[in-house]
Amino acid sequence: MIGTGILKGMAVTARNFIGSYFEKDRLITVQYPEERNPLPENYRNFPFLIYDGNDAEAGLRCVACKICEKECPPQCIYITKSEDKKPDYMGKPQFYPAVFDIDISVCMSCQICVEVCPFEAIKMDKVFELSRRERFDALLTRKNELAKSNSYYHQIHPTEAAEVDAKLTEAAAKKKPAAGAGSTQPAGASPSQTGG
Amino acid sequence: MNEQVLEPIERPPTTMSSRLEGELMEVSMGPQHPSTHGVFRMNVALNGEIVVKLKPVFGYLHRNHEKIGENTSYLGSMPYTDRLDYFCSMTNNWAYALSVEKLAGIEVPERAEYLRVILAELTRLQNHTSLLGFLLNDMGAWGTPLMYAFREREKVLDLFESLSGSRMMCDYMRFGGCRVDAGTDWIERAKKVVDAFPRFLDEFENLVVSNEILIARTQEVGKLSADLAINAGITGPMLRACGVNYDIRKVDGYGIYPRFKFRVPLGEHGDTYDRLMMRVLEMRESIGILQQAFKQIPGGPVMNPKVKIRAFRPPLGEAYGRIEGPKGELGFYLISDGSGNPYRYRVRPPSFVNLTILEDLCLGHTVADVMVILGSVDIVMGEVDR
């Protein structure tokens, strides 16, 4: 009979409408600024730099090797290597980035910089409310804005951060005898893979 | 002053019938029209309301994808493939990874193969769901079916987000495996989503499939003959709707697809209704594949430890890797000259090839049908223009 198909469809609409009052599954809208869905742990947005300890300048893990700058597909990272060396978190003299900028209007959140970094120095952030009033300078994040502490990293990616810390302490334990023998190689033989 | 009396000009009679008879009207549909699925334009010549000529115009979203691919490293192209067909980033990743693996002869661990199948079939589910929603939206069923479809699609996207970190730009697969492992809790969540999916499909079928208006709008509209489809290189659900049994999962058996039992749904008439139903049936088969994969998935690593993803240099040679994407055959053709960048990087996008026969489908139909036919072709402009 003509019209039964339409009535069947109407019944589905009615079931969804009434069901939205009783079933959580049918009413999924979240009223965003007031309510928020929790972000998944793996969520990634833009990169940031990790420092150990309390001093963002002294504890920065980045040694300005420029691998991420080279590998970044949209070329949004700008690094200038320092002239002098300063001791890194393990006490060895290392170069550090004099300038480290990430243009977040260019960045496409692919996290290739995280994967290729041999020093576990760059990780993905979870901050996504980044609207700014200016188009140019405000979206070019500088080194001091990018540097965030290791405890912040533990806060946003707990499992991943624990793995990274375990890897770093293992590498440090391995390096100790070698450093005693007078090796000047930088500590950074950890594999380029993250996560696992 | 020069006084002159204007003589009356002879005008043709201004009745409607005499002016319009036999005259074609050219209409430019798009590129900002909401039902053209992005920035796509059609120059249509109309006789009254009947289409007599249709010329697709595209290129508005051209981003130089292939040239960028030739200037970045093999790893650097992976996130760009997400942006081809932004509905199906997981299958795009897989197709690219597959061709690089072919080029360099890389083995993929067992667990990674299973994860790839799971993610590809989830992608098929979410692509087909959103297609059904959009198609009905184009037909004038404004809002409701699309919102029901997007509600389901979002569940799949939540899975993608918790696994890869991003809803749509997943960038999850690598040549030699997958980037991160899926935990047991993720597998459990995915199982729940897949188990609840048939309920949505039943509901959706009740909602629209027997609807008289939908049948009147889609049956016998935009018929595609099997001969034309084969000659034009049409692939995917569009080809199978004409009754041609060609599914690359069966033909090539790439990955571990030969291990799964599934049927390939075939249409009979090749009209819009068949193309719509083809998607519903394919989703039911995908659910079957997913349930088998969840049962069989082994433990182990997800990444081949021998593969160096950074400074990756494949040997000299060329390779064409293709998969059955949700929209059709998606292939990547790579030529390597031994350096860090591919010498040639070519994408064979299903949407673009499927779009070439749009005029043949639309001739003789009304303007309103053009939108329905275009919706049933299932295009994404990111992939058509590249």
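Buried residues make up 48% of the 386 residues in chain B. The model is a predicted one, and chain B is a handy place to start. Its C-alpha trace spans about 95 × 55 × 40 Å along the principal axes, and the fold of chain B counts 16 helices and eight strands. Contacts in chain B lean on sequence-distant partners: taking residues at least 6 apart in sequence, 71% of the contacts join residues at least 24 apart.

The domain assignment cuts chain B into domain 1, covering 22–54, and domain 2, covering 62–385. Between the C-alpha centres of domain 1 of chain B and domain 2 of chain B there are 28 Å. Where these two domains meet, domain 1 of chain B puts in 14 residues and domain 2 of chain B puts in 15. On the domain 1 side of that contact, β2 and β3 of chain B each supply at least two residues, and β3(B) gives the most, with four residues. Sorted by class, the side of domain 1 of chain B that touches domain 2 of chain B holds nine nonpolar residues, four polar ones and one charged one.

Those strands of chain B also turn up in a sheet. Three strands of chain B form an open sheet in the order β1-β2-β3, with antiparallel pairing. At the edges sit β1 (25–29) and β3 (50–57) of chain B, each of which pairs on one side only. From one strand to the next, the twist averages 20°. Looking at one pairing in detail, β2 (residues 41–47) of chain B runs antiparallel to β3(B) over seven bridges. Asn47(B) is placed opposite Ile50(B), a residue of β3(B).

Among the helices of chain B, α5 (residues 110–139) deserves a few words. It has 30 residues, and the distance from its first C-alpha to its last is 44 Å, close to the 44 Å expected at 1.5 Å a residue. How much of α5(B) is buried? The count is 27 of the 30 residues, so α5(B) is largely enclosed by the rest of the structure. Just after α5(B) comes Gly140(B), with a positive phi near 110°.

Turning to the interface between the chains, 28 residues of chain A are in contact with 31 residues of chain B. On the chain A side, α1 (4–22) and α3 (112–116) each supply at least two residues. The largest share of the side of chain A that touches chain B comes from α1(A), with seven residues. By class, that side of chain A is made up of 12 nonpolar, 12 polar and four charged residues.

Chain A also offers a local spot to look at, around Cys117(A). This cysteine is found in the loop between α3 and β6 (122–124) of chain A. Is Cys117(A) buried or exposed? With 25 other C-beta atoms within 10 Å, against a cut-off of 20 or more, Cys117(A) is buried. Leaving aside residues up to four places away in sequence, Cys117(A) touches Ile67(A), Cys68(A) and Ile122(A). The pair Cys117(A) and Cys68(A) is separated by 49 residues in sequence, while their C-alpha atoms are 6.4 Å apart in space.

Note on methods: Residues numbered from 1 in each chain as written. Chains lettered and ligands numbered in written order. Predicted model: local features only at pLDDT ≥ 70, side-chain atom pairs only at ≥ 80, totals over all residues. Contact = placed C-beta atoms within 7 Å. Nonpolar A, V, L, I, M, F, W, Y, C, P; charged D, E, K, R; others polar. Expected span 1.5 Å × (residues − 1). Buried ≥ 20, exposed ≤ 12 C-beta atoms within 10 Å, placed from the backbone. Pairing = 2+ DSSP bridges. Axes fitted to C-alpha atoms, helices over the stretch in contact; angles between N-to-C directions. Domains from an automatic or database assignment.
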